[in-house]
Amino acid sequence: MVGIKTVVGIQEPEDRKSFRALKAFLKKQRKQERKETEQQSGAQLPEAVSVIKEANQPENLAFMGRFVPQMFALSTFTLATAFPFVSGPQISTKGSLLGKGMYGSGPFRFDPWELYKDGKISSMSAVLLGAVGEGKSSLAKSMALRFLLHGYKLAVMTDSKGEWTVVVQAVGGSVIEVGPGRDARINPLDPGTRPSRMTNGEPMTDAGWKSMVRSRRMTLLKTLVGILVLRDLQSTEHSALSHALDASVEKYGTEHVLLPHLVDFLRSPDPDMDPELRKAYLNLSYALDRTKEGDLAGMFDGPTTVDFDASKPAVSVDTSALSGASAEAKRIVNACVGSWVEAMVTNPDGGQRLCVYEEGWDNINSEADLERMVVSWKLARHYGIFNLLVIHKLGDLNLAGDSGSRMNTMAQSLLADAGIKIVYRQDESELKHLADKLGLSQRECDIVRSLKKGQGLWRINQDSYCVENILTAAEKDLLNTDARIVEGLDDEEWEDAA
Ligand SMILES: Nc1ncnc2c1ncn2[C@@H]1O[C@H](COP(=O)(O)OP(=O)(O)OP(=O)(O)O)[C@@H](O)[C@H]1O
Ligand SMILES: [Mg+2]
């Protein structure tokens, strides 16, 4: 069947003239935009950002200058089948430039806050998955660096390899290093920063704040006991913990209460107390003692020594020093640090932030982390954050527990509730499962199979966009995770090189 002839591109000399005029106009507009961005970000960001800022300008991205109009005379049938993505519009003309559409859809700009405002996404969370070394972290890092230029902040909620440290330091952020032998001490019972509004949007009251802090502390304490005694709390233990917390807060004040205060209180129950309750007090005190012993000594048993400055552009929690610690110690650290960081970051008054869960499978098999992430996914819009969970494959979500278990259901909800799914190249064995879960077509599966480093299929609602993340020269130096392996640099040498 003969289709209708359609022409794509610029054919007539007249058209070419207007194309040149358009190009000149765009160049002028970009210059103006750059001037404005520099003025805005220069005022907000520290000096260290300027190198990245300079390299990040649209004109410096190689592909921007290589647009050559192509002419095709094709039937609409051929067009629709040969270039399915050409016909799709760009997701947005607003936001940070992350790269280019792989099938001719032009520059790819991304700003989840704008997309939400425009009704194009209904959830402020994304899952990024892909095989080892395909460029997932580089995408997350370049996204963070470019978001910073638009005034958004960054929080790296977990960084078990310490690979974000150079990035956070380059933008003048603070890196909190926790682990045996590190200086940082964190009081997991810190109340955090009081937000001006409650989750229902009403102004925060004293009673509302008190109840929010208490609930966060009880959740953390229950989690710690769960990790230490490997079972859920009995009802007497629950009452004992609740009494001990209230009594310690009353005695030491909500700003100063520490875990050892609570342990001391549990250690000396009233002799006239009901024997069952007395037993629960003592059992809890022995269990919680572990948080100040052995490889955890000095980490959570005193006032916080690190300075969390919410006005800084970036913060990361580097737990790479824990690589040799026991699984139990890691889980305790994750619970304490996660609860603390979240209290600091999830505050709607703290500005809009990208929250990255790097190597997210570490969090997925911890019930406490998972519970916090589920809440964070649900309240992301209220907190003003955009969550990005980085994992290798969908199967990582099953690390949470057997199918049908509470943990597994929570992990699967992170995927279901993510408005954006970014798929980097996947191993063949993963493709069928992926296609089923994300509703990918055969053509999209073929694309995922053939993606190269730095390229990804973005599913935004039911639409797909194929995007190549383009790194600037400055970013390539900063983000090169291969260099450590190839050149065998130690951390200090790597930092010098970067
Ligand atoms: N878009 C890109 N352009 C050029 N180089 C890239 C790009 N994306 C990633 N790389 C390079 O590929 C290497 C691996 O990238 P990256 O660490 O981001 O992969 P990953 O998927 O996070 O790996 P892992 O699964 O081990 O965490 C890095 O050295 C990085 O510089
Ligand atoms: Mg990575």
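Visitor: Which strand does β9 join through five bridges, running parallel?

Guide: In this predicted model, β9 covers residues 353-357. Five bridges tie β9 to a parallel partner. One pairing places L354 opposite F386. The strand you are after, spanning residues 385-391, is β10.

Visitor: And which residue of β9 is the bridge partner of A155?

Guide: Here we turn to another pairing of β9, with strand β6, residues 153-159. β6 and β9 pair in the parallel sense, again over five bridges. Within β9, the bridge partner of A155 is C355.

Visitor: How many residues of β9 are buried?

Guide: Let's take the two faces in turn. On one side R353, C355 and Y357 are buried, and on the other L354 and V356 are buried too. Both faces are therefore covered, given that buried means under 20% relative accessible area. The count for β9 is five of five.

Visitor: Now to the ligand. Which residue has a side-chain N or O atom 2.7 Å from an oxygen atom of ligand 1?

Guide: Happy to walk through the distances! The side chain of K453 has an N or O atom 3.1 Å from an oxygen atom of ligand 1. For the side chain of S137, the distance to a ligand oxygen is 2.8 Å. The residue whose side chain gives 2.7 Å is N480.

Visitor: What share of the surface of ligand 1 does the protein bury?

Guide: Start with ligand 1 taken alone, when it exposes 630 Å². With the protein in place, the share of that area that is buried is 87%.

Visitor: Which element gives the most residues to the shell around ligand 1?

Guide: The shell holds 20 residues, and K136, S137, S138, N480 and T481 are the closest. Two elements give two or more residues: one is α17, residues 473-479, and the other is α5, residues 136-149. With three residues, the element giving the most is α5.

Visitor: How many residues of that shell are charged?

Guide: The shell around ligand 1 divides into three classes. Four of its residues are nonpolar and nine are polar. The number that are charged is seven.

Visitor: Let's look at a helix. Why does A287 count as buried?

Guide: A287 sits in helix α10, residues 275-289. Leaving aside neighbours within four places in sequence, A287 is in contact with L228 and V229. Its C-alpha is also 8.8 Å from that of L224, 63 residues away in sequence. A287 counts as buried because its relative accessibility is 11%.

Visitor: What about Q412: is it buried or exposed?

Guide: Q412 belongs to helix α14, residues 406-416. Beyond its neighbours within four places in sequence, Q412 is in contact with L397, N398 and K437. The cut-off for buried is under 20%. Q412 has 19% relative accessibility, so it counts as buried.

Visitor: Finally, the whole chain. What percentage of its contacts with a separation of 6 or more is due to residues 24 or more positions apart?

Guide: The protein chain has 19 helices and 13 strands. Of its 498 residues, 49% are buried. Its accessible surface is about 23,700 Å², with 51% belonging to carbon and sulfur atoms. As for contacts with a separation of 6 or more, the part from residues 24 or more positions apart is 73%.

Definitions and conventions:
Residues numbered from 1 in each chain as written. Chains lettered and ligands numbered in written order. Predicted model: local features only at pLDDT ≥ 70, side-chain atom pairs only at ≥ 80, totals over all residues. Heavy atoms only, no water. Buried < 20%, exposed > 50% of the residue type's maximum accessible area, 1.4 Å probe, protein only. Helix = DSSP H or I, 4+ residues; strand = E, 2+ residues; numbered from the N terminus. Pairing = 2+ DSSP bridges. Near = heavy atom within 4 Å. Polar contact = N/O pair within 3.5 Å; in protein donor to acceptor, adjacent residues only side chain to side chain. Areas by Shrake-Rupley, 256 points an atom, 1.4 Å probe, with all protein chains shown as cover. Nonpolar A, V, L, I, M, F, W, Y, C, P; charged D, E, K, R; others polar. Contact = heavy atoms within 4.5 Å.
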